Every structure is written in structure tokens, then in C-alpha cells.
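Student: Could you walk me through this one? I'd like to start with the charged pairs and then jump around a bit.

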Amino acid sequence: MIVGMDTRLIEVTAGDRPGWLALAPEGHPVGSAFLRLPPGSPEAELALGVHPGERRRGIGTRLLEAAGTAARTAGREALTCEPVEAGSPGDLFLAARGLRPVLRLTYTRLHLAEADLPEAPVPAGYRLVAWRGVVPDDLAEAFAAARPAMDDMPMDAMTFTPRPWDVERVRRVAQAVADRGDHLDTVAAVQEATGAVVAFTEVVVPADGTGDGQHYGTGVLPSHRGHGLARWLKVEAVRRVRADFPRLSGLLADTADSNVAMRAVNESLGYRPTHRSVIYQRDL
């Protein structure tokens with residue numbers, strides 16, 4: 001327990017995530033911080049929040065310091081904060097504490113009822129495959145081999161260490177979505193000549209099929225870029241989701257401002273900006 005001023009920090013855990021709660025003198029929580037320590041990564045990821053009515057009293061600073069100390073003790077070289085909305089109190093707080101803005105993101109939304117999807121011709125030499133949930137056994141190895149297609153996405157000044165993909169991890173990620181009741185839809189491109197999965201896009205739909213779905217990622221292996229695969233797959237993914245989940249209102253995506261190619265694809269499909277955010281990082 002760390003005691004100071006009129007609040008105290010207590011150490012807690014959420015699964016395998018170390019964390020801290022800031023408690024008011026009456027005992028109710030007024031802020032929290034939780035670390036994620038991905039295996040094999042030199043970075044630690046931080047989620048930090050303080051109740052709006054309790055801000056500007058040093059609580060966020062103490063939570064940030066506690067998390068930074070723990071990440072350093074765990075041998076991590078950088079602390080990466082969750083995205084904060086541009087211009088928000090979180091943005092101003094992290095900048096004032098000396099963290100570096102390392103990646104700027106634009107969030108967009110596609111209104112499904114109004115979306116007029118363009119034609120996306122099938123690129124020569126490729127065929128489409130799709131599944132819901134965990135990847136089928138006959139595609140598992142090929143899909144795991146395609147996952148590094150996102151490893152070179154623009155990250156600007158952000159220190160980022162890609163984690164290796166294998167069949168076990170691919171299945172584990174999909175199962176985690178299923179365990180919370182949501183639907184993971186994947187559309188992928190297979191090269192006819194080799195049978196290799198060379199591109200993919202993923203969408204997660206809420207359990208009840210209402211509200212907004214979320215794009216999880218779109219990737220094309222470097223040697224297959226420039227053929228329109230990303231656009232083709234996204235058009236097909238939107239069509240399938242709209243047909244299978246007629247009560248779904250929209251689809252959300254977030255893209256690095258510097259990822260000009262993917263932003264152009266999304267804009268061509270009718271995605272419109274909703275807000276922007278910033279990722280901050282501190283070297284440890």
C-alpha cells in the first residue's frame with residue numbers, strides 16, 4: 001500500500017494484469033491504473049483513468065508513477081498508454097507529464113443503412129474464403145502465416161515489437177471473442193497458384209447483432225500489395241456483415257493518420273471521421 005495526501009493507492013490484480021486503485025478517504029475508488037505485460041515484448045501497456053471530479057489533485061500522476069516503476073521493475077523498456085482523444089483531459093495530462101505523442105489515429109464509422117458500396121472486381125489470381133469464429137483447420141496454418149501482414153503498418157515514432165503468430169495464438173484470439181459472446185467474421189484472399197492466404201480483414205459484431213461492429217485489422221502481405229486486395233476484402237466483409245446482421249447500425253475503424261493507403265480505402269467505401277486520438281509513450 002502506498003499512502004499519501006488524502007488518497008491512498010492499493011495494489012490489485014485483474015487476471016494477470018497488475019494494477020492500482022486510488023481510494024478516497026471514505027474508501028471509494030477515484031482512479032485506477034492497470035498494466036498489460038505482453039510476453040516477450042519490451043513494452044508495457046497502460047490503461048489509466050481518474051474520475052472527472054477528482055482530477056488535478058495529483059492522483060493521475062501517482063498512478064502513472066506507480067505503473068512506470070512496476071513496468072521498469074518487470075524489465076520493460078517503454079510504457080505505452082491507451083489512446084486518448086485529441087484535446088481531451090487525458091491528452092493534456094500525458095503531455096504535461098512529459099510523455100511523447102508517438103502515434104495519431106483517426107476513427108471512422110460506416111453507416112450501414114446508407115452505405116452505397118462500390119464494385120470491387122476480383123483481382124486476377126486470387127479467390128475469397130470466409131469464416132465466422134475460429135479459423136477452420138484446413139486454413140489454420142496458412143492464416144497464421146499471413147498474420148504478419150500487419151507487422152509493418154505505419155507506427156510513426158511509436159516503439160512497437162510485433163509478437164509472433166502461430167496457429168495456437170490465432171485460435172486463442174478468436175476463442176476469446178467467442179467466449180464473450182461476440183462474432184468474429186474473417187474474409188481472406190487465397191492465391192490460386194500456391195494456396196497461400198495472402199490478405200485478410202476481420203470484423204467483430206456485438207453478441208446481439210445490434211449497435212456498431214468493429215474492424216479488428218486488415219493486412220496484405222508485402223509481395224501482394226498493389227492489386228486491390230484490401231479494398232476487395234473490405235467490400236465483401238461489409239456486404240456479408242450487413243446481410244447476416246440486419247440490425248447492425250454501423251462499422252467502426254481506427255487508422256493511423258500516416259497510413260494513407262488504408263485511409264483511402266476506408267474513405268472510398270463511405271467511412272466518415274468521428275474523432276481523433278493520440279497514443280503516448282515514455283521510455284523507461
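**Charged pairs, domains and odd backbone angles**

Tutor: Arg-57 is partly exposed, at 29% relative accessible area. In these terms, buried is under 20% relative accessible area, exposed is over 50%, and partly exposed is in between (1.4 Å probe, protein chains only). Bear in mind that this is a predicted model, where local features need pLDDT of at least 70 and side-chain atom pairs count only at pLDDT 80 or more, while totals for chains, interfaces and linings use all residues. Residues are numbered from 1 along each chain as its sequence is written, and side-chain values use heavy atoms, with hydrogens and water left out.

Student: Which residue forms a salt bridge with Arg-57?

Tutor: Glu-54 does, with the closest N and O atoms 2.3 Å apart. A salt bridge here needs a side-chain nitrogen of Lys or Arg within 4 Å of a carboxyl oxygen of Asp or Glu.

Student: How many salt bridges does the structure hold?

Tutor: There are 15. One of them pairs Arg-100 with Asp-283, at 3.2 Å from N to O. Arg-100 lies in strand β8 (residues 100–111) and Asp-283 in strand β14 (residues 272–283), so this pair ties together parts that are 183 residues apart in sequence. Helices (H or I, at least four residues) and strands (E, at least two) are DSSP runs, numbered from the N terminus. Arg-100 itself is partly exposed, at 31% relative accessibility.

Student: Got another one that links strands?

Tutor: Try Arg-132 and Asp-185, whose side chains meet in a salt bridge at 2.6 Å, N to O. Here Arg-132 sits in strand β9 (residues 126–132) and Asp-185 in strand β10 (residues 183–191), and this link spans 53 residues.

Student: Arg-132 and Asp-185: which is buried, which is partly exposed?

Tutor: Arg-132 is partly exposed at 41% relative accessible area, whereas Asp-185 counts as buried at 10%. While we're on charges, Glu-119, Glu-236 and Arg-239 are joined into one network by salt bridges that share partners.

Student: OK, changing topic. Where are the domain bounds?

Tutor: Domain 1 is 8–82 and domain 2 is 108–278, with bounds that come from an automatic or database domain assignment. Their centres, taken over C-alpha atoms, are separated by 31 Å.

Student: How many residues are in contact across domain 1 and domain 2?

Tutor: Eight residues of domain 1 are in contact with six of domain 2, where contact means heavy atoms within 4.5 Å. The two domains bury about 460 Å² between them, 49% of it on carbon and sulfur atoms. Pro-39, Glu-43 and Thr-80 supply 55% of the area that domain 1 buries against domain 2, more than any other three residues. Buried area is the accessible area (1.4 Å probe) that two parts lose on being put together, summed over both.

Student: What about salt bridges and polar contacts across that interface?

Tutor: Zero salt bridges turn up there, and one residue pair is in polar contact, both at pLDDT 80 or more. A polar contact is a pair of N or O atoms within 3.5 Å; within protein, one must be able to donate a hydrogen and the other to accept it, and residues adjacent in sequence count only if both atoms are side-chain atoms.

Student: Any polar contact in domain 2 worth a look?

Tutor: Take Thr-218, which lies in strand β12. Its side chain makes a polar contact of 2.6 Å with that of Thr-201. Thr-218 counts as buried, at 15% relative accessibility. Beyond four places in sequence, its contacts include Met-150, Phe-200, Lys-234 and Met-262.

Student: Lys-234, huh. What else touches that one?

Tutor: Asn-266 does, and Asn-266 also touches Thr-108, Ala-253, Thr-255 and Tyr-271, leaving out residues up to four places away in sequence. Asn-266 is in helix α6 (residues 260–269) and is buried, at 3% relative accessibility.

Student: Last thing: which residue other than glycine has a positive phi near 65 degrees?

Tutor: That's Arg-56, in the loop between β5 (43–50) and α1 (59–73). Most residues other than glycine have a negative phi. Arg-56 is exposed, with a relative accessible area of 86%. Asp-156 has a positive phi too, about 50 degrees, and lies in the loop between α3 (137–146) and α4 (167–179). Asp-156 is partly exposed, at 47%.
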